[in-house]
Amino acid sequence: MKKILLSTTAIATMALAGGNLGGITSFEQSDTAMSEIEALKARITALENEKKEAPKQEKSSDIKKLEKKIKRLNKKLSKVNAHDAFDNIKFSTDFRTAVDNINYKYNNYSYKGTDLSGTEASNDALITSRLILNMKSAPTDTLTFYGQLAAYYIWGAHLNGDEDPSFKSWSASSKASDTLFRVRRAYFVYSDDELPYSFSIGRRPSSDGFLINHRENEKEAGSPLAHITNMEVDAAMVKLKSDNLVEGSYLKLIYGRAHAGGMSTLYDATGYEPYAQDDGDVNENVDFFVALASLYNDGQYNLMGEHAIIFDTKGARTEVAPGAPLPDGSGLNKSLDAGTAQLTALSLQVDGIGNEINDFLDDTIAFASIARSAYDPDDGKELLGSTSERRGYSYWLGVKMPDMITDDGKFGLEYNYGTQYWTPMTWAEDTAIGSKLAVRGSAYEAYWNFNLMGEKNLPAQIRYTHVQHDYTPNIRCSGWVKPVDVDIESDDIRFSVSYKY
Amino acid sequence: MTKFTKLALAALLGLAVVTTTASADADKGQKIYSKKLKKVCGMNGGDFAKKHTQEEWEKINEDGKLKDEIKSICTEANVDKLKDKHLENLGDFVVEFASDSGNVPSC
C-alpha cells in the first residue's frame, strides 16, 4: 500500500512539474499523465475504501467463527453432560430426624397371663434419625438401576437389631434400631419402549407404597398398594404394558421370597451342611406371588388393584398353645408353616378435585381404599388361632390439602378401620406405635407437611396418630396369635425435619 | 407432653411460617404433564423432556415459545388451555428432565 502511494505521488509530482518522461511530447505527456493520475486516484480511493471496510468484514467473520465455535462447544457440552449423567451412580440424600412422643393406655389388655388393664406405657421423646442414600444409574436408555442404603437409628440405642429376634430384614430399614447401613432397595429395571413388557429383579420398592406416601411426605409412592403391602422384600417382576388399551394401565406380576427358612448353619455348626434346609414342613421358605395392576390412570384419577398370595405363612399346630411343649417331647410348639394368606386391595386416588375450579381444589388429593385378608390354614394347623379360613376387612380414607399458610405446605387427614381378623403385611410401615394400617379397630391421623424456613430441601412434618385397638394389635408377623378382645389406645405425636437433596 | 416435645413443636411451628416466594416447580410441571399432555402426546414425561437438551429448553422458555414447541411435538395438544403458570411449571419440568440431565421422571 505504502509503495503504491509513494510511486503515485512521485509520478504526479513529475507530471505537474512538466518534466520529460522519456521523449514524449508535452501534450501527449500531459494526457497520458492525467489519465494515469486519474486511474491512480481511483485506485487510491478504492484502496482507502477497502481499508475502511476491512475491519468490519474481519469483525463479522470473527463473530461468525466464534458463534460456530460456541455452538460446537455447546453440542459437545450436552454430550458430556449426558455422558456424565448416565455414566455413574447418582446419589441423593434423605436425612430425617424425628421426635416421637408415644403413649399406650391399656384399658383392657393382658399379656402372657398378666393383666395390664388400667396401666399405661410411654416414651416422652423417642429421638430417631434416618439416613437414606438414594442411588440411580442408567448405562443405556433401556436399563436403569435403583438403590437405597438406609440407616435408621434411635439416638443412643444399643445394637438391638441383633438382640430382638422379631427384627426381620423385611423391615430392617423401616424400624428404628441401630446405626448400621442396610440395603433398603436395590433393583434394576429393563424397559424398552418398543417392547410391551419390562422386567426387574432385586430388593423391591415395596415399602412406602401407593397412598401411604402422602403421610410419609414422599412425592413418589413405592410400587405396591400400601393398604396390604408395606415390606422390604426381594423379588422378580414382569410388567405388562396395557396403556394402549386402557389409559395409564399396566399389570405387574411379582414373585419373591419373604423368609428363607430352615437353614441351620452357614458353615458346620450342625455338621457339614452349609445353607442346607431342614427336612419336614416346619420352617419352610415363605414365598409370595403378587398381581399388581394400575387399572386406570389419567393423571387425575388413579385406580389400582392388588392381589397377593403368601405361601407357607407361619401359624401354629392345633391343640397345643404356641410356645408350649409338644406332646411327643420333640420340643416346643414354635411357629411353623401353616397355610396360605391372600390379601386383596382396591385403591383410588383423585389428584385434584374437579377440573380447575380453583387452586385449592386442584392441589387437593383425596383417596379411598378397601381391602380384605384371608388366612387359610392347612390340615392340622391353625392360622390366627383358627383351623378354618378367617377373613378380615379394612377401609382407608384420606385427604391432603394445601395448608394455605406456607408455600407447598399440606394438611392431611386419614382414617382407617379394620375388623378382628384383618391381617395385612404392613410391618415396614414407619409408625413408631406399629402399623396403623393393620389396626383391628380404628386409627385417626392428622399431619402437616411443610418446608422448614420455606426451604424445599428441608421438608418437615408434625403428625398425630391415634389408634384404638379393639383386638390384639397386629404389628409384626404373628399368624399364630389369635386376635382377642382388647381395648388399647395408642398415641404418637411426631415432629420431624429432613434434609433432602 | 414433656418440655422437650413442647419445645420441638413450638420451634417447628415458628419456623414453618417462614416462607419463600413461590416459584415455578418441576414437580408441579410433572403433574401438569401427566394430567394434560401425557395422553395426547402419547409418550411419558421423560420421553417428552428428552426431546431437547437443557440448553435448548432454556432457550425455548426464554423466547416464550414453549407453547409452540409443545404443539410441534404433540400436534393434537390443545395448548390454548395451558395457562401461564402451567407453562412456567412445565418449563421447569422439561429442563429438569432434559435429554442431557440424567434425571428420570416418574410420569
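The following questions and answers go through a predicted model of two chains, beginning with chain B and then turning to chain A.

Student: Which kinds of secondary structure make up chain B, and in what order do the elements run?
Tutor: Chain B holds six helices and zero strands. Read from the N terminus, then, its elements follow the order α-α-α-α-α-α.

Student: What share of the residues of chain B count as buried, and what share of its contacts with a separation of 6 or more comes from residues 24 or more positions apart?
Tutor: Chain B has 107 residues, and 41% of them count as buried. Among its contacts with a separation of 6 or more, the share that comes from residues 24 or more positions apart is 64%.

Student: On how many sides of H5(B) do Leu66(B), Glu69(B) and Ile70(B) lie, and why?
Tutor: In H5(B), the residues Leu66(B), Glu69(B) and Ile70(B) are buried. An α-helix has 3.6 residues a turn, so residues three or four places apart point the same way. In H5(B) the buried residues cover an arc of only 100° around the axis, which means that they lie on the same side of the helix.

Student: Which elements of chain B do the buried residues of H5(B) pack against?
Tutor: The buried residues of H5(B), which are Leu66(B), Glu69(B) and Ile70(B), make their packing contacts with other helices of chain B. The partners are H2, helix H3 (45–49), helix H4 (54–62) and H6 of chain B.

Student: Which cysteines form the disulfide, and how many residues apart are they?
Tutor: Over all chains the structure holds one disulfide, and it joins Cys41(B) to Cys74(B) with an S to S distance of 2.0 Å. The pair links distant parts of the chain, since Cys41(B) belongs to helix H2 (residues 26–41) of chain B while Cys74(B) sits in the loop between helix H5 (66–73) and helix H6 (84–96) of chain B. The two cysteines, Cys41(B) and Cys74(B), are 33 residues apart.

Student: Is the disulfide of Cys41(B) and Cys74(B) right-handed or left-handed, and why?
Tutor: The handedness is read from the torsion about the S-S bond of Cys41(B) and Cys74(B), which is about 100°. Because of that torsion, the disulfide is right-handed.

Student: Are Cys41(B) and Cys74(B) buried or exposed?
Tutor: A residue counts as buried when its relative accessible area is under 20%. Cys41(B) comes to 11% relative accessibility, and Cys74(B) has a relative accessible area of 2%. Therefore both Cys41(B) and Cys74(B) count as buried.

Student: How many helices and strands are there in chain A, and what percentage of its residues count as buried?
Tutor: Chain A contains five helices and 19 strands. Of its 501 residues, the percentage that count as buried is 43%.

Student: In which sense do E8(A) and E9(A) run, and which residue stands opposite Asp234(A)?
Tutor: Strand E8 (residues 234–241) of chain A is joined by eight bridges to strand E9 (residues 250–259) of chain A, and the two run antiparallel. Within E9(A), the residue opposite Asp234(A) is Arg257(A).

Student: Which residues of E10(A) stand opposite Leu251(A) and Gly256(A)?
Tutor: E9(A) pairs with strand E10 (residues 286–297) of chain A in the antiparallel sense, over nine bridges. Leu251(A) stands opposite Ala293(A), and Gly256(A) stands opposite Phe288(A).

Student: How many residues lie between E10(A) and E11(A) in their hairpin, and which residue in the turn has a positive phi?
Tutor: E10(A) is joined by nine bridges to strand E11 (residues 301–317) of chain A, running antiparallel, and one of the pairs matches Phe289(A) with Ile309(A). The hairpin that E10(A) and E11(A) form has three residues between the strands, and the one with a positive phi, about 95°, is Gly299(A).

Student: Where does Ser223(A) lie, and with which side chain does its own side chain make a polar contact?
Tutor: Ser223(A) is placed in the loop between helix H4 (212–215) and E8 of chain A, and its relative accessible area of 11% means that it is buried. Leaving aside residues up to four places away in sequence, Ser223(A) touches Arg204(A), Pro205(A), Lys252(A), Leu292(A) and Met304(A). The polar contact of the Ser223(A) side chain, at 3.0 Å, is with the side chain of Lys252(A).

Technical notes: Residues are numbered from 1 along each chain as its sequence is written. Chains are lettered from A and ligands numbered from 1 in the order in which they are written. This is a predicted model: local features need pLDDT of at least 70, side-chain atom pairs count only at pLDDT 80 or more; totals for chains, interfaces and linings use all residues. Side-chain values use heavy atoms; hydrogens and water are left out. Two strands pair if DSSP finds at least two bridges between them. Helices (H or I, at least four residues) and strands (E, at least two) are DSSP runs, numbered from the N terminus. A disulfide is a pair of cysteine sulfur atoms within 2.5 Å. Buried means under 20% relative accessible area, exposed over 50%, partly exposed in between (1.4 Å probe, protein chains only). A polar contact is a pair of N or O atoms within 3.5 Å; within protein, one must be able to donate a hydrogen and the other to accept it, and residues adjacent in sequence count only if both atoms are side-chain atoms. Contact means heavy atoms within 4.5 Å. The arc is that of the directions from the helix axis to the C-beta atoms.
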